[in-house]
Amino acid sequence: MGIAEAFSCFEIHSGMKVQLAMIQRKIQSTKSDNLVDRINDFLASPPEGTPTEVLEAFSSLDSNQFLPPKLFYELVEQAPIAISITDPTARILYVNCAFETLTGYAREEVIGKNESVLSSKSTPESVYRELWETIHSNKVWQGTLVNHRKSQEEYLAELTISPVNNNKGQTAYFLGMHRDITEMHQLEQRLKFQKNLTEAALNAAPMVVAVVAADRKVLLDNHAYKALIGDFRGVEPASLFLEALEQQVGFDLSTVCQVGSGFTNVEIRLDPPGGAAPRWFACSGVHVPELDEAAHNYFKQAESTRCCLLLIANEVTGSRKRIQEARLNMIRANMAEQQMVQTMREAISGAIFKIQAPLNVIKAALSMPAAGQENMGMRIVLQQALKSGDEAMESLHEALPSPVVEKTSLVNINELLHEVVKLSTENLLSAGIVVDWRPAPVLAEVNGRINALRGLFKYLIDNAIQSLIEAKQDYREIRIQTKQDNQDLLIEVMDNGVGIPKAHRLKVFEPFYCGWEQPKEHAGMGLTMAQEVVIGHGGNVEIDANFYGGCRVFVRLPLNGMEETLL
């Protein structure tokens, strides 16, 4: 800004023009090249007759209400951001040192020229139109332009242009401030590329990948994970994985930072809703530092950073199915053998039960006092019959297969029930029965005897099949549902068959009771033995008295604690 521009800021009366001209010559005659220094020299020794209005105006700049003009000048000169001042037509009036450094232009080369000297054709015309519309509306414009230096090298300029008004409220100048953000833009582009590359790699991966925060919120996932959400009808798979890991290996997400190397290839089972086949996954987890953008944590030590879990789950359902098929064949053979032994035990037990009744009558008759010779003959016959009966009973007891002690282990009831249903597939299909399979997606394991429990549920499902066959209905359904109820597992087996009359709901658990119209090979010991297994596991079995249109049986098994029992 020149001396003339400085004086043009004052409202001047015609009578003062001569005196102001003298003051202007006085200021211009000082040795300093700096306008601010000239004004300071003038105020130190003003010419005689200087109007008081001028002195007051200049003096106010150095009062307690304002900083000295030289300080303002030095602040702008030494500012680290490029600053330029133009007139309303964008003609450059002033640039600071940072402007020279950034653009490569010396101030003598650009003062008097239009700001467009920096413009690049890479900036769309629409951006310039928006810029001019904004500042001509007396508003501040902020945005990004592609500029070029004196060397014609292009750079990205983050620009702020602010209108500066005179005392009449008219735009007299434009203040422009800009900085080079090229490196920041390049870094952002590289980060964006890395993000896209990472997401592409994750989405192309066939395994399930998710990053889970300490609050169980999923921060990142891939397509395989999203597909799993659909398979589980909107239930967050991460929660199911974590529940299964907690139950199987005691993994605790809240202590993930102390886990160390994490875990590798832990196989878990998830049961989708709607009766779909179970899914098996080999899970691995690695802890990673959680993103912390909070300002107040800037100076905190790295070890205090919270962690999140990188969860990788590779589905191994196919291989598990092949293993399961082989296992089912072994179980089928084992159960056939057990069934044969059990049938023999039932048959012999039935025979013992039926023989015991007449023997008891004979014993009662022999205990009565004898009267006459004829009765003595009958007594001898009865004694011989009793002796033969006792010998037969002894033979039957010796022929009765001994029960086998089975060791306890952790049992997944969902898996066990699924096995039993598969073992019963032929009977279910031949009877036209639909199975509504409703397992809990994740179920805690129970401490029990797997063969005894398998036999228990086989009895219940076989009874349900027989009930549906005798009902002769067009639609036949068995519903099997599992859930955890506090420290117990609750298993529900329901059918829409003939049901059990109220008077018989306790008798069905009695030995050798058979209420079927077509008993066939049934000896009436199925529910009796099922009850023995449940009681041996510390649980209970009951028939729902309020269920109509069939039968519903509840089996409750405690998660821990049971007595030694026999098959």
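This section describes two helices, the strands around them and the nonpolar cores of a predicted model.

Helix α8 comprises twelve residues, 125–136. The distance from its first C-alpha to its last is 17 Å, close to the 16 Å expected at 1.5 Å a residue. Buried positions in α8 are V127, Y128, L131, T134 and I135. Viewed down the axis of α8, these buried residues fall within an arc of 130°, and they therefore line one face of the helix. An α-helix has 3.6 residues a turn, so residues three or four places apart point the same way. On the face of α8 turned away from the buried side, the exposed residues are E125, R129, E133 and H136. After α8 comes N138, which has a positive phi near 65°.

The buried residues of α8 pack against three strands, namely β3 (141–148), β4 (154–165) and β5 (171–180). The helix lies across these strands and runs at about 140° to β3. The strands β3, β4 and β5 belong to an open sheet of five strands, ordered β2-β1-β5-β4-β3, in which the pairing is antiparallel. At the edges of the sheet stand β2 (92–95) and β3, each of which pairs on one side only. On average, neighbouring strands of this sheet are turned by 30° against each other, direction ignored. Strands of a sheet pair through backbone hydrogen bonds, either parallel or antiparallel. Between the antiparallel strands β3 and β4 there are eight bridges, and N147 stands opposite Y155 in β4.

A second helix, α11, covers residues 237–249. Its 13 residues should span 18 Å at 1.5 Å a residue, and the end C-alpha atoms are 18 Å apart, which agrees. The buried residues of α11 are P237, A238, L240, F241, L242, A244 and L245. These residues pack against one helix, α10 (223–231), and against the strands β6 (208–212), β7 (218–221), β8 (263–270), β9 (279–289) and β10 (307–315). The residue G250 follows α11 and has a positive phi, near 70°.

Among the strands packed against α11, β10 runs antiparallel to β6, to which five bridges join it. Within this pairing, V212 has L309 of β10 as its bridge partner. Strand β10 is also joined to β9 by nine bridges, again in antiparallel fashion, and S284 stands opposite I312 in β10.

In soluble globular proteins, nonpolar side chains tend to be buried together. The largest nonpolar core of the model holds 42 residues. Those touching the most other members are I413, L453, L456, F457, I478, I491 and V555. At least two residues of this core come from each of α14 (413–423), β12 (433–438), α16 (450–471), β14 (476–485), β15 (488–495), α17 (526–536), β16 (540–543) and β17 (551–558). The greatest contribution, ten residues, is that of α16. For I491, when neighbours within four places in sequence are left aside, the contacts are I413, L417, F457, Q481, T482, V553, F554, V555 and L557. Apart from the largest core lies another, of 24 residues, which includes F251, I268, F281 and A313.

Note on methods
Residues numbered from 1 in each chain as written. Predicted model: local features only at pLDDT ≥ 70, side-chain atom pairs only at ≥ 80, totals over all residues. Heavy atoms only, no water. Helix = DSSP H or I, 4+ residues; strand = E, 2+ residues; numbered from the N terminus. Expected span 1.5 Å × (residues − 1). Buried < 20%, exposed > 50% of the residue type's maximum accessible area, 1.4 Å probe, protein only. Arc of directions from axis to C-beta. Contact = heavy atoms within 4.5 Å. Pairing = 2+ DSSP bridges. Axes fitted to C-alpha atoms, helices over the stretch in contact; angles between N-to-C directions. Core = buried A, V, L, I, M, F, W, Y, C linked by side-chain atoms within 4.5 Å.
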